[in-house]
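Subject: Structure for you to look at

Hi,

Here is the structure I said I would pass on. Have a look at it below, and then read on for what turned up in it.

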Amino acid sequence: MANNSPALTGNSQPQHQAAAAAAQQQQQCGGGGGATKPAVSGKQGNVLPLWGNEKTMNLNPMILTNILSSPYFKVQLYELKTYHEVVDEIYFKVTHVEPWEKGSRKTAGQTGMCGGVRGVGTGGIVSTAFCLLYKLFTLKLTRKQVMGLITHTDSPYIRALGFMYIRYTQPPTDLWDWFESFLDDEEFFTL
């Protein structure tokens with residue numbers, strides 16, 4: 001006499017637990033009707049997990065040093081205390097999302113695999129965008145705030161900094177969940 005109950009058929013989970021696990025996996029893998037919110041991993045809810053170095057935001061050391069010594073970061077951005085103030089600053093001040101202000105880096109004579117080619121070189125004046133990106137990091141954004149950045153309609157630079165925030169702070173395994181619904185986005189901005 002054969003018993004086909006879930007516990008005896010080689011399946012270690014009862015059917016209702018297996019179905020719940022499959023539904024959760026489908027939701028985390030982007031299933032469920034094209035939801036635009038990324039899967040929740042790490043801490044649940046509105047709190048975002050931080051991946052990597054919790055002090056440096058995984059930034060290049062030269063860029064971080066230039067941010068922390070920048071008068072713009074130390075004086076003007078120090079005054080900004082809320083998420084909305086920083087978003088307004090992005091709207092009014094960011095004109096590109098490169099790490100260095102245009103024309104401030106000396107790259108003459110650098111070739112091959114040197115820093116100038118990779119984008120760090122000998123430094124220069126760190127960009128407003130990267131100062132604001134690190135300011136966002138100091139605010140420890142919530143999931144809702146990051147979604148507000150990447151879906152913002154007023155400026156492509158607000159969205160770009162939101163995506164950069166995700167890239168620098170979120171676990172690599174979660175990046176697809178964040179970026180998938182934006183892959184066909186055609187909004188234009190200057191690097």
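One cut-off before anything else: a residue counts as buried when its relative accessible area is under 20%. Keep in mind, too, that this is a predicted model.

With that cut-off in hand, take Arg159, which sits in helix α8. Its relative accessible area is 9%, so Arg159 is buried. What does Arg159 touch, leaving aside its neighbours within four places in sequence? Its contacts are Leu149, Ile150, Thr151, His152, Phe182, Asp185 and Glu187.

Now for the whole protein. There are nine helices and zero strands, so reading from the N terminus the order is simply α-α-α-α-α-α-α-α-α. Buried residues make up 35% of the 191 in the protein. About 11,600 Å² is exposed, and carbon and sulfur atoms supply 56% of that area. If you look at contacts between residues at least 6 apart in sequence, 72% of them join residues at least 24 apart.

Next, the inside. The largest nonpolar core has 42 residues, and Ile67, Ile90 and Leu161 have the most contacts within it. Two or more residues of this core come from each of α2 (61-69), α3 (71-76), α4 (83-93), α6 (128-138), α7 (143-150), α8 (156-169) and α9 (175-179). Ile67 is a good place to start clicking: not counting residues up to four places away in sequence, Ile67 touches Leu59, Phe73, Val126, Phe130, Cys131 and Tyr134.

Some of those Ile67 partners belong to a helix pairing that is worth a look, α2 with α6. At what angle do α2 and α6 pack? The angle is about 85°, and the axes are 10 Å apart. The two helices are therefore roughly perpendicular to each other. On the α2 side you will find Ile63, Leu64, Ile67 and Leu68, which meet Phe130, Cys131 and Tyr134 of α6. By class, this contact has seven nonpolar residues, with no polar and no charged ones.

Helix α6 deserves a moment by itself. Nine of its eleven residues are buried, so α6 is largely enclosed by the rest of the structure. The buried ones are Ala129, Phe130, Cys131, Leu132, Leu133, Tyr134, Lys135, Leu136 and Phe137. Which helices do the buried residues of α6 pack against? They pack against α2, α3, α4, α7 and α8.

Follow the chain past α6 and you come to Lys140, just after the helix, with a positive phi of about 50°. Lys140 lies in the loop between α6 and α7. Is Lys140 buried or partly exposed? At 42% relative accessibility, Lys140 counts as partly exposed.

Leu141 is also in the loop between α6 and α7. With a relative accessibility of 4%, Leu141 counts as buried. Apart from residues up to four places away in sequence, Leu141 touches Leu48, Tyr83, Leu136, Val146, Leu149 and Tyr165. Take Leu48 from that list: Leu48 and Leu141 are 93 residues apart along the chain, yet their C-alpha atoms are separated by 7.4 Å.

There is another positive phi to check, at Met57. Its phi is near 60°, in a residue other than glycine. Where is Met57 found? Met57 is in the loop between α1 (15-28) and α2. At 1% relative accessibility, Met57 counts as buried.

Finally, back to the helix that holds Arg159, and its pairing with α7. Helices α7 and α8 pack at an angle of about 135°, with 7 Å between their axes. That makes α7 oblique to α8. Val146, Leu149 and Ile150 make the contact from α7, and Ile158, Arg159, Gly162, Phe163, Tyr165 and Ile166 make it from α8. Sorted by class, these are seven nonpolar residues, one polar and one charged.

If you want a short route through the model, try Ile67 in the core, then the buried residues of α6, then Lys140 and Leu141 in the loop between α6 and α7, and end at Arg159 in α8.

Cheers

Technical notes:
Residues numbered from 1 in each chain as written. Predicted model: local features only at pLDDT ≥ 70, side-chain atom pairs only at ≥ 80, totals over all residues. Heavy atoms only, no water. Core = buried A, V, L, I, M, F, W, Y, C linked by side-chain atoms within 4.5 Å. Buried < 20%, exposed > 50% of the residue type's maximum accessible area, 1.4 Å probe, protein only. Helix = DSSP H or I, 4+ residues; strand = E, 2+ residues; numbered from the N terminus. Contact = heavy atoms within 4.5 Å. Areas by Shrake-Rupley, 256 points an atom, 1.4 Å probe, with all protein chains shown as cover. Axes fitted to C-alpha atoms, helices over the stretch in contact; angles between N-to-C directions. Parallel < 35°, antiparallel > 145°, perpendicular 65-115°, else oblique. Nonpolar A, V, L, I, M, F, W, Y, C, P; charged D, E, K, R; others polar.
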